[in-house]
Structure formats: structure tokens, C-alpha cells
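Me: Please take a close look at one part of this structure with me. Start from a single side chain and work outwards. I am new to this, so explain each term as you go.

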Amino acid sequence: MTLTLAVDIGGTKIAAGLVDSEGRLAHRAQLPTPDGDAETVWAVVEKLLGEAMRTADGAATGVGVASAGPIDLPRGTITPINITEWQHFPIVQRVAEVTRLPVRLGGDGLCMALGEQWCGAGRGAPFLLGMVVSTGVGGGLVLDGAPYDGRTGNAGHVGHVVVAPDGGDACTCGGHGCVETISSGPGMVRWARRHGWDGTDAKALGQAANQGDDVALKAFQRGARAVAAMIASVGAVCDLDLVVIGGGVAKSGALLFDPLRAALADYAGLEFLRGLRVVPAQLGGDAGLVGAAALARG
């Protein structure tokens with residue numbers, strides 16, 4: 001059996017797996033992303049790689065790496081915002097040294113989109129935006145059936161589409177008014193707390209909204225409308241036919257998707273956008289690994 005080794009690197013966890021030719025995980029393991037210097041973080045990746053290689057027993061033919069960004073695809077390096085110890089870390093070189101296999105790097109949003117397009121809610125869709133709405137808003141593009149990296153590997157950073165051009169909250173990217181500032185879990189919580197809600201996190205906000213709390217409901221509606229505005233813009237630029245949304249906020253189900261679809265009907269006025277569908281992701285936390293494998297398989 002031919003296997004592809006996949007790694008998914010994020011600020012809270014690092015996962016590695018072996019994916020077969022049908023997109024099924026034959027092995028999966030993960031560890032928390034540690035605090036410490038760059039080599040302390042690398043040691044976790046190396047441990048997971050070693051375990052996967054032993055499990056593969058020579059059957060792995062390549063490695064796909066999904067990473068939080070920004071990434072530098074031409075140089076094979078990553079500088080994840082949420083792993084401050086890694087600045088231009090040579091991830092492709094280091095993984096190749098350990099595995100002695102060809103390595104392909106992609107952003108985590110791109111790999112999520114590829115995973116869903118291969119085996120999930122976007123199966124076979126030729127023009128797809130995959131999104132994660134959670135502590136941040138990330139994304140990746142599949143255009144004409146192929147992953148779209150862009151010039152540096154960072155195409156699809158839809159969380160930083162500006163939807164509040166006349167101000168808006170400051171964003172971690174250095175800009176203002178990005179959809180991430182409005183629609184991410186922390187963004188919705190900040191807005192709700194400014195308007196009198198006294199909870200602490202997005203999970204509690206979702207519970208309050210489900211119980212009919214007016215401020216919590218408005219926070220979700222506001223976040224959904226911002227996502228809809230962004231989707232309409234990206235859809236118009238890329239001529240999309242499907243958007244797949246995963247992540248913690250997306251798990252709120254109808255709280256997000258009902259107002260999002262209603263708002264999208266308002267924003268997507270062009271005839272070619274009226275058939276644009278928005279659906280929940282299916283692969284959950286495995287989408288990055290499956291998509292990284294798809295990337296490595298070409």
C-alpha cells in the first residue's frame with residue numbers, strides 16, 4: 001500500500017499522519033505545540049515524523065506539510081504568527097533531512113480546502129474556497145481543480161479581506177477592518193462584551209445565542225454578514241461554485257449558516273454568483289492532514 005506522510009503545524013497542536021490513496025488516514029498522532037525556542041518546537045515535529053516513518057515501514061513516498069502562515073513557498077520557510085519562535089524556519093529542508101523523501105509545503109488554509117475537495121464536503125468541486133472560522137479566519141483556494149498557491153504561497157488569506165473600510169478594529173495583520181476582526185470567535189466576543197454581554201469566550205457566546213440572548217445573537221449575525229460580504233467579493237473575483245466552512249465557530253451550525261446564507265443572497269447580486277453554495281466542512285481536524293497528502297501527491 002502506497003502512503004503519503006502528512007504534517008499539520010499549528011499554534012496549539014502539531015499532528016502527523018499517513019494517508020492512503022483514497023484519502024483515508026492509516027495513522028494519526030498529535031502533540032501540543034510547546035513553548036520554548038525554535039528547536040523545542042522542531043523536536044515535537046521530529047518525534048511525530050519518526051513515529052509515522054516507523055509505522056509506514058518504507059511505504060511512504062512523499063511528505064505534505066500544512067502550516068499556519070505566513071509561509072515562503074519559494075524558500076521553503078515558515079513564519080507562523082502563532083509560533084513566534086519560528087522566524088523563516090526552514091521546514092522543507094528539515095523535514096526532508098529526517099524523512100529522505102520529497103516534501104511539498106502549503107498553507108493550512110489551502111490544505112484544508114484540498115482535503116475537503118478530495119474527500120469531504122467539496123468533493124470534486126472545481127472552483128472552491130475552503131475556510132476555517134475559529135480563533136482566526138483562514139482560507140485556501142482550489143481553482144480549476146488545482147491548488148492555487150499564489151506568488152509566495154499565501155493566496156487565500158481571506159480573513160484579511162477588508163469588509164469595514166471606514167475604520168473597524170485593528171487586526172493582528174497590521175490593518176483595520178478585516179473580516180477576521182468581526183467574524184472570528186474572539187472578534188465576536190469582543191463586540192458582544194462591548195455591548196453588554198458578560199461572558200468570556202466563543203463557546204459561551206454560542207450557548208447564549210442558542211438560549212435567545214439578544215446581544216449574542218446580534219454578534220453571530222454581524223459576524224455572518226461580514227463573512228458573506230467577503231465570500232461575495234472572493235466569489236466574484238474567482239468565479240467560485242462552492243464555499244466549505246469549518247472551524248470552531250462553524251460548529252455553531254445554524255447560528256452562523258442561516259444568517260450567512262441570507263446575507264449572501266443580498267451581496268451576491270451578479271447572475272453567475274447566484275448559484276454559489278456555502279456548506280459546512282466534513283473532515284473536521286483531519287482536513288489539513290488529508291489536504292497536505294493531496295498536495296504531496298500532486
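Reply: **From one ring outwards**

Trp86 has a relative accessibility of 0%, so it counts as buried. Buried means under 20% relative accessible area, exposed means over 50%, and partly exposed lies in between, using a 1.4 Å probe and protein chains only. The model is predicted: local features need pLDDT of at least 70 and side-chain atom pairs pLDDT 80 or more, while totals for chains, interfaces and linings use all residues. Residues are numbered from 1 along each chain as its sequence is written, and side-chain values use heavy atoms, leaving out hydrogens and water.

Now look at the rings. The structure holds 2 aromatic pairs. Rings of Phe, Tyr and Trp (its six-membered ring) pair if their centres lie within 6.5 Å; planes under 30 degrees apart are stacked, over 60 edge-to-face, and the rest tilted. Trp42 and Phe89 have ring centres 6.0 Å apart and planes at 40°, so this pair is tilted. Trp42 sits in helix 1 (residues 38-56), and Phe89 in the loop between strand 6 (77-78) and helix 2 (91-99), so the pair ties together parts 47 residues apart in sequence. Helices (H or I, at least four residues) and strands (E, at least two) are DSSP runs, numbered from the N terminus.

Are these two rings buried or exposed? Trp42 is buried, at 3% relative accessibility. Phe89 is buried too, at 5%. Phe89 also pairs with Trp86: their ring centres are 4.2 Å apart and their planes lie at 5°, so that pair is stacked. Trp42, Trp86 and Phe89 form one aromatic cluster.

Trp42 leads on to a helix contact. Two packed helices are described by the angle between their axes and the distance between the axes. The axes of helix 1 and helix 2 come within 10 Å and cross at roughly 40°. That makes helix 1 oblique to helix 2. Axes are lines fitted to C-alpha atoms, for helices over the stretch in contact, and angles run from 0 to 180 degrees between N-to-C directions. Under 35 degrees is roughly parallel, over 145 roughly antiparallel, 65 to 115 roughly perpendicular, and the rest oblique. The crossing of helix 1 past helix 2 is right-handed. Right-handed means the near helix is turned clockwise from the far one by less than a right angle; anticlockwise is left-handed.

Which residues meet here? Helix 1 brings Glu39, Trp42, Glu46, Leu49 and Met53. Helix 2 brings Ile91, Arg94, Val95, Val98 and Thr99. Contact means heavy atoms within 4.5 Å. By class, there are 6 nonpolar, 1 polar and 3 charged residues. Ala, Val, Leu, Ile, Met, Phe, Trp, Tyr, Cys and Pro count as nonpolar; Asp, Glu, Lys and Arg as charged; the others, Gly among them, as polar.

Follow the chain past helix 2. Arg100 lies in the loop between helix 2 and strand 7 (103-107). Arg100 is exposed, at 70% relative accessibility. Most residues other than glycine have a negative phi, and most peptide bonds are trans. Arg100 is not a glycine, yet its phi is positive, about 55°. Asp239 is not a glycine either, and also has a positive phi of about 55°. Asp239 lies in the loop between helix 7 (214-238) and strand 11 (242-246), and is partly exposed, with a relative accessible area of 45%. What about a peptide bond? The one from Gly69 to Pro70 is cis, with omega near 5°.

Set another helix pair beside this one. Helix 3 (residues 108-119) and helix 9 (residues 287-297) pack at about 85°, with axes 7 Å apart. That makes helix 3 roughly perpendicular to helix 9. The residues of this contact divide into 12 nonpolar, 3 polar and 2 charged. Among them, Trp118 comes from helix 3 and Val290 from helix 9. In helix 9, 9 of the 11 residues are buried, so this helix is largely enclosed by the rest of the structure. Just after helix 9, Gly298 takes a positive phi of about 75°.
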